[in-house]
Amino acid sequence: MRLFVYPYSSGSESAKLLATALDAKRIRLTNSEYEYRHDDIIVNWGNTKCPYPSLNPAEALQKTVNKLTCFRTLRERGFEAIPEYWTDPADIPSAAFPVFCRQRLEGCDGDGIVVAETRADLVPAKLYTKRIFGTEYRVTVFQGRVTDIQTKAPRNGVTLLSSTVKTYANGWGFQRLPVPQD
């Protein structure tokens, strides 16, 4: 048995750290000499185009990367703890503002977000989400179990540039929280 990490990008620092922690090798995304064997174990580290059988298949990741698909999938499975969202600006109730106009469904780090404080501030977007004041979380699920919980927190020694869009560039980072045990 061989253990590999398939990264989402060639320069992924987190994929390098994971491979080191697991004593695994990383598979190069270009000019790779890797040849799949049926007993290989591959950790797909966020790549929606991973061509190999892996512990977290590309098809599952594709449902999470696209924010609208993710929200719909979670709602279909009975998970209601997601922000209110709309695809048609005419459906947004006046009491919902401020609203994030998400011009990119697969954006990260605030890419493609326009904050609309009022209806007049709305811009064309593929998805509109109600801003939830407070804490932002990232939850990792593996084989139906929560394996990691992170929350956004100000980075030490960094000036916050925005408290609305909590990105790394705006002074925020993720902090791990304890995972509840059964």
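**Figure 1. R104 and D111 pair up in a salt bridge.** In this predicted model, R104 makes a salt bridge with D111, and their closest N and O atoms sit 2.2 Å apart. Neither partner is hidden away: R104 is partly exposed, at a relative accessible area of 41%, and D111 is partly exposed too, at 37%. As a bit of background, side chains of opposite charge can pair when their charged atoms come close. If you search the whole structure, you find four salt bridges, and two others get their own views below.

**Figure 2. P124 sits in a loop, 11 Å from R104.** Here's R104 again, this time with P124. The two are 20 residues apart along the chain, and their C-alpha atoms are separated by 11 Å. P124 belongs to the loop between β6 and β7, with β7 covering residues 127-130. This proline counts as exposed, with a relative accessibility of 70%.

**Figure 3. Four strands line up as an open antiparallel sheet.** Follow the strands across this sheet and you get the order β4-β7-β5-β6, with antiparallel pairing. At the edges are β4 (85-86) and β6 (113-116), each of which pairs on one side only. Zoom in on β5, residues 99-102, and you'll see four bridges joining it to β6, the two strands running antiparallel. One pair to look for is R102 and its bridge partner in β6, I113.

**Figure 4. A cis peptide bond leads into P98.** Look at the link from F97 to P98: this peptide bond is cis, and its omega is near 5 degrees. P98 itself is part of the loop between β4 and β5.

**Figure 5. Three strands make an open parallel sheet.** This sheet has the order β2-β1-β3, and its strands pair in parallel. The edge positions go to β2 (25-26) and β3 (41-45); each has a single partner strand, so one side of each is left without a neighbour in the sheet. Strand β1, residues 3-7, runs parallel to β3, and five bridges join the two. Want a landmark? Find V5, which stands opposite V43 in β3. In general, strands of a sheet pair through backbone hydrogen bonds, either parallel or antiparallel.

**Figure 6. D40 and R2 form a salt bridge between separate parts of the chain.** The closest N and O atoms of D40 and R2 are 2.8 Å apart in this salt bridge. D40 comes from the loop between β2 and β3, while R2 comes from the segment before β1, so the pair ties together parts that are 38 residues apart in sequence. Which partner is buried, D40 or R2? D40 is buried, because its relative accessible area of 7% falls under the 20% cut-off. R2, at 24%, is partly exposed.

**Figure 7. K16 and E13 meet within helix α1.** This salt bridge stays inside one helix: K16 and E13 both lie in α1 (residues 13-22), three residues apart, or about one turn of the helix. Their closest N and O atoms are 3.4 Å apart. K16 is partly exposed, with a relative accessible area of 30%.

**Figure 8. D23 and N31 have positive phi values.** D23 isn't a glycine, yet its phi is positive, at about 55 degrees. You'll find D23 in the loop between α1 and β2, where it counts as exposed at 72% relative accessibility. N31 is another residue other than glycine with a positive phi, near 55 degrees. N31 is in the loop between β2 and β3 and counts as exposed, at 68% relative accessibility.

**Figure 9. Helices α2 and α3 cross at roughly 100 degrees.** The axes of α2 (residues 58-65) and α3 (residues 67-76) come within 5 Å of each other. With that crossing angle, the two helices are therefore roughly perpendicular. On the α2 side, the residues that meet α3 are K63, T64 and V65; on the α3 side, they are K67, T69, C70 and T73. Sorted by class, this contact has two nonpolar, three polar and two charged residues.

**Figure 10. Stepping back to the whole protein.** With the close-ups done, here's how the parts fit together. The protein has three helices and 10 strands, arranged along the sequence as β-α-β-β-α-α-β-β-β-β-β-β-β. Its C-alpha trace spans about 55 × 40 × 40 Å along the principal axes. Of its 182 residues, 34% count as buried.

Definitions and conventions: Residues numbered from 1 in each chain as written. Predicted model: local features only at pLDDT ≥ 70, side-chain atom pairs only at ≥ 80, totals over all residues. Heavy atoms only, no water. Axes fitted to C-alpha atoms, helices over the stretch in contact; angles between N-to-C directions. Parallel < 35°, antiparallel > 145°, perpendicular 65-115°, else oblique. Contact = heavy atoms within 4.5 Å. Nonpolar A, V, L, I, M, F, W, Y, C, P; charged D, E, K, R; others polar. Pairing = 2+ DSSP bridges. Salt bridge = Lys/Arg side-chain N within 4 Å of Asp/Glu carboxyl O. Buried < 20%, exposed > 50% of the residue type's maximum accessible area, 1.4 Å probe, protein only.
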